[in-house]
Amino acid sequence: MSVPNVAVQNWTQYNFEDGDTNEVITKQNGFNDSLALFQTSINNMIAALNDDVVFVNQAREELNADNIVHAPGSGLPNQAGSAYSKDVTTSATDTTEERLLKVGDGGVLGGDAPSSGNASAVRNGGFYEVDINAIGFPHASSLLFAARRTASLGVNRVAEIFIAANGPEPVPKIAFRGGDPAVLKFTDIYHNKNIVGIVSQEGGVPTGAIFQKDSNSFGSWEKHADGTLKMHVNAAFAGVSITNSDGGWFRSNDNQIILPLGTSEFIGPGTTFSISLQSGAGEMLACTIGRTRRSGSSLFFTLLKGVSTPSVDFEVTATVHSRWY
């Protein structure tokens, strides 16, 4: 839609009378010329207005309303949001509220992560590099991701995921802490690299691996994070005499099995055990296990047989169930 031009009527033929002087005629012609010039100016303005109308119509067809941004304080809605009016971070550790995170700051998408030398000093969310001589971390030269949450009572709570990078295998750790950074404790995330390792505990709370397996010349053992302890022994005996008369049977003296762990490494009360001849040995020797007992870190047992036998060779298997804490 455009605005039509304006036409100014030529009044020359109506403006003169017989007897008009030259001065009157000249004056009236000047007036008519001014009207014609006014017409030209108006039509030029109309042409410019029509050009503007065409431009606005084209812009309206091409413009995406979601990208319209109005000046702050204009009162007009901004489909593009308010990010355009925000400042950006000025350093890797800039934690100013409502600033836009610049690529690389906070260790995000580039650049070096800010370093931390003390676990208690991590108060804001983000990525951190743990210094080589850091305090309060399980390992140094590592990476840390921290997420901060302000609780309803105004107490800051931080969840931290810790990944060590200074060993042959990564060691993920996770830590939670509340308002008091001094109580920060790291708790392992279990995975296929640390399920089996060294078990440990603090105040009855497991702090190490889930399972521990080891052995020595006396046998093997398994420790579980819940305190369970199992010991296994295979022992060979040679030249054992079964000649002591015992109520219609013949009995050997006590035979000793030394356990792989000393009494300082397991709890005696509640400890149970079993001793059995190796498969087939009882039938072959016509023997059976007699009395059994435990004394400290040793098991004792006798062999029973229906006839007196001066010397037998055999093997036994002993299993002990106890607790290491």
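These are my notebook entries on a predicted model of a single chain.

**Entry 1. Overall make-up**

I began with the secondary structure and found two helices and 17 strands in the chain. I then looked up burial: 27% of the 325 residues count as buried. The exposed surface comes to about 20,600 Å², and carbon and sulfur atoms supply 54% of that area. For contacts with a separation of 6 or more, I noted that 44% join residues 24 or more positions apart.

**Entry 2. The largest nonpolar core**

I turned next to the interior. In soluble globular proteins, nonpolar side chains tend to be buried together. Here the largest nonpolar core has 27 residues, and Ile257, Phe301, Leu303, Phe314 and Val316 touch the most other members. I asked which strands each supply at least two residues of this core. They are β11 (228-246), β14 (267-277), β15 (287-295), β16 (298-305) and β17 (309-323). Of these, β11 gives the most, with seven residues.

I followed one core member, valine 316, to its contacts. Leaving aside residues up to four places away in sequence, Val316 touches Val233, Asn234, Ala235, Phe237, Ile257, Ile275, Ser276, Leu277, Gln278, Ile289 and Phe301.

**Entry 3. Aromatic pairs**

I recorded four aromatic pairs in the structure. One of them joins phenylalanine 237 and phenylalanine 314; the ring centres are 5.3 Å apart and the planes meet at 15°, which is under 30 degrees, so I list the pair as stacked. Phenylalanine 237 belongs to strand β11 and phenylalanine 314 to strand β17, so this pair ties together parts 77 residues apart in sequence.

I checked whether these two rings are buried or exposed. Phenylalanine 237 has 15% relative accessibility and phenylalanine 314 has 5%; both fall under 20%, so I count each as buried.

A further pair links phenylalanine 301 with phenylalanine 314. Their centres lie 6.2 Å apart with 80° between the planes, an edge-to-face arrangement. Phenylalanine 301 is in strand β16 and phenylalanine 314 in strand β17, so the parts tied together here are 13 residues apart in sequence. Phenylalanine 301 is buried, at 0% relative accessibility. I therefore enter Phe237, Phe301 and Phe314 together, as one aromatic cluster.

**Entry 4. Charges over rings**

Lastly I looked for arginine side chains placed over aromatic rings. The charged end of arginine 293 sits over the ring of phenylalanine 300, at 4.3 Å from the ring centre. I also noted arginine 323, which lies over the face of tyrosine 325, 5.9 Å from the centre of that ring.

Conventions
Residues numbered from 1 in each chain as written. Predicted model: local features only at pLDDT ≥ 70, side-chain atom pairs only at ≥ 80, totals over all residues. Heavy atoms only, no water. Helix = DSSP H or I, 4+ residues; strand = E, 2+ residues; numbered from the N terminus. Buried < 20%, exposed > 50% of the residue type's maximum accessible area, 1.4 Å probe, protein only. Contact = heavy atoms within 4.5 Å. Areas by Shrake-Rupley, 256 points an atom, 1.4 Å probe, with all protein chains shown as cover. Core = buried A, V, L, I, M, F, W, Y, C linked by side-chain atoms within 4.5 Å. Phe/Tyr/Trp six-rings, centres within 6.5 Å; stacked < 30°, edge-to-face > 60°. Lys NZ or Arg CZ within 6 Å of the ring centre and 35° of its normal.
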